[in-house]
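The following note is offered to a colleague who is beginning to read protein structures. Please keep the sequence and the three-dimensional view open while going through the numbered points.

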Amino acid sequence: MRPPTPSQTVGPFYGYALPFTEGGELVPPGHPGAITLHGVVYDGAGQPIPDALLEFWQADPDGGLDGAPGSMRRDPVTGTFAGRSGVDFTGFGRVATDAAGHWTLRTVVPGPAAPGAVPYISVCVFARGLLHHLYTRVYLEDGAGDPLLDSLDADRRATLVARPEPHATYRFDIHLQGSEETVFLEFG
Amino acid sequence: MSTNPPTPEPQALIDAETARIQAEADKALADGGQEELHPRRDYPPYRSSILRHPKRPLVAAREAFTELRGPVFGVTDVTELDSDLTRQHHGEPLGERIVVTGRVLDRDGRPVRGQLVEVWQANASGRYAHKRDQHPAPLDPNFTGTGRCLTDDEGRYTFTSIKPGPYPWRNHLNAWRPAHIHFSLFGTAFTQRLVTQMYFPGDPLFPYDPIFNSITDERARQRLIAGYDHDLSSPEWSLGYRWDIVLDGPSATWMEEGR
Ligand SMILES: [Fe+3]
């Protein structure tokens, strides 16, 4: 096994390089079944983090994980981001937090990736000050039988389950540290 | 919202903390501890890390189906010119023209094919084309400093650019980052995701930089330093640097999991 290349922080200046047009719009406005997922990223002092970057990866509504290309379509004439095609579901989203530490994703509810599996949206968190990204998961409902959820006590479990709000909206805050610290995952 | 105290701390204080953590890490390794392959998330000399790392242990999880796959990028996601950072404006950028190339591999040494590589960097004067960068060094109207490409069938990426300058930051008094290029990489599994920084050989700022030294294993730190490759340099045109990248994450693929 080759040793991996170490991680380094995304730093404060990724903002003109990584975010792209419609990065948080996995489906177009008015798409049937569209949901809004949003929240705030907090530090250990309870302050919102205005320079975090979140990436999302999920199955399509049928549980498919083939992820079409085209998340960050480029306009070959102007060289700028052209937005998504509005047809293909890529399963990938990338959103920077705003000055208030808030982010918004418009997507659809993922389907089960295997028969009986509890669906979730996989999240990767980057930030200035965070030297190695963190993984977590957003569960849109607290599904019994999920091995990860079932391994956690109630308080910790709750950090992975989005809170439903009116109008097909879900709230999911991320706490990098502190009493409400989000469950972050280590794989392998 | 800064975590820095009002009076900037001297470099000597950061150096002393760095040396103490390094000595502890060296001892742990000598005592038979595991090589630390990645930076510590809790690395106090990098002041911004103090409130931005989880204090609870990470929860061990088996990659389920979702994490064993990842987003896909294709020909619509990049344009031909995206990998040449010197040709994105009407004029030529100032600075030392460089070519940076290498292969992206998984931990078994297999090429990571057709995956997205993104880069961003400061210009030759050490200034980012980002509104929040207030370093009083000149912006270059002919250099933005962002690029992307897809790896080829051998996992190879290539960028043409300008050697970035070192730049000051406010971690402590007289803090300067060694010259670096930020890299973002995707593998075939979402858990292979990597964001890192490539450094240049022989940089005199290495000992003073808490971000570089947050990787406490010397061998691991060396993995972030590109090699100068004279055969890659072009006469009267550019200097060549070679840097291979190994993505962490599962060696088992989704297919091999028996689905
Ligand atoms: Fe930088």
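1. Arg219(B) and Asp217(B) are joined by a salt bridge, in which the closest N and O atoms are 3.2 Å apart. The two partners differ in their surroundings: Asp217(B) is buried, with a relative accessible area of 5%, whereas Arg219(B) is partly exposed at 44%. The reader should bear in mind that this is a predicted model.

2. As general background, side chains of opposite charge can pair when their charged atoms come close. Over all chains of the structure, a search finds 30 salt bridges. Among them is the pair of Arg97(B) and Glu92(B), whose side chains meet at 2.7 Å, N to O. Here Arg97(B) is buried, with a relative accessible area of 17%, while Glu92(B) is partly exposed at 46%.

3. Another salt bridge brings together the side chains of Glu24(B) and Arg20(B), at 3.8 Å from N to O. Why are these two residues separated by about one helical turn? They are four residues apart in helix α1 of chain B, which covers residues 11-30. Both partners are partly exposed: Glu24(B) has a relative accessible area of 44%, and Arg20(B) has 46%.

4. Salt bridges may also be linked into a network, and one such network consists of Asp51(A), Arg128(A), Arg52(B) and Arg132(B).

5. Asp203(B) deserves separate attention. This residue is located in the loop of chain B between β9 (194-199) and α2 (210-213). Which side chain of opposite charge is nearest to Asp203(B), and how far away is it? It is that of Lys163(B), at 6.3 Å; Asp203(B) is buried yet has no salt bridge. A salt bridge would require a side-chain nitrogen of Lys or Arg within 4 Å of a carboxyl oxygen.

6. The side chain of Asp203(B) does, however, reach backbone nitrogens. That of Leu205(B) is at 2.9 Å, and that of Ala179(B) is at 3.1 Å. When residues up to four places away in sequence are not counted, Asp203(B) touches Pro178(B) and Ala179(B).

7. Which residues coordinate the iron ion? The donors are Tyr128(B) and Tyr167(B), each through OH, together with His180(B) and His182(B), each through NE2, at 1.9 to 2.2 Å. The angles subtended by the four donor atoms range from 90 to 158 degrees, and the arrangement is therefore irregular. For comparison, a tetrahedral assignment would need all angles to lie between 85 and 135 degrees.

8. Along the sequence, the donor residues follow the spacing Y-x38-Y-x12-H-x1-H. Tyr167(B) belongs to strand β6 (residues 167-169) and His180(B) to strand β8 (residues 180-185), both of chain B, so this pair ties together parts that are 13 residues apart in sequence. Are Tyr167(B) and His180(B) buried or exposed? Both are buried.

9. The last point concerns Thr101(B), which is placed in strand β2 of chain B, residues 97-106. With a relative accessibility of 4%, Thr101(B) counts as buried. Its C-alpha atom is separated by 14 Å from that of the iron donor His180(B), and the two residues are 79 residues apart along the chain.

10. Leaving aside residues up to four places away in sequence, Thr101(B) touches several others, including Arg156(B), Tyr157(B), Leu232(B) and Trp243(B). Thr158(B) is also one of the residues touched, and its side chain makes a polar contact with the side chain of Thr101(B) at 2.9 Å.

Conventions. Residues are numbered from 1 along each chain as its sequence is written. Chains are lettered from A and ligands numbered from 1 in the order in which they are written. This is a predicted model: local features need pLDDT of at least 70, side-chain atom pairs count only at pLDDT 80 or more; totals for chains, interfaces and linings use all residues. Side-chain values use heavy atoms; hydrogens and water are left out. Donors are N, O and S atoms within 2.8 Å of the metal (3.2 Å for Na, K and Ca); water is not among the atoms, so sites may look incomplete. Four donors count as tetrahedral if all angles lie between 85 and 135 degrees; four count as square planar and six as octahedral if opposite donors are over 155 degrees apart and all others between 65 and 115; anything else is irregular. Buried means under 20% relative accessible area, exposed over 50%, partly exposed in between (1.4 Å probe, protein chains only). Lys and Arg count as positive and Asp and Glu as negative; His and the chain ends are not counted. A polar contact is a pair of N or O atoms within 3.5 Å; within protein, one must be able to donate a hydrogen and the other to accept it, and residues adjacent in sequence count only if both atoms are side-chain atoms. Contact means heavy atoms within 4.5 Å.
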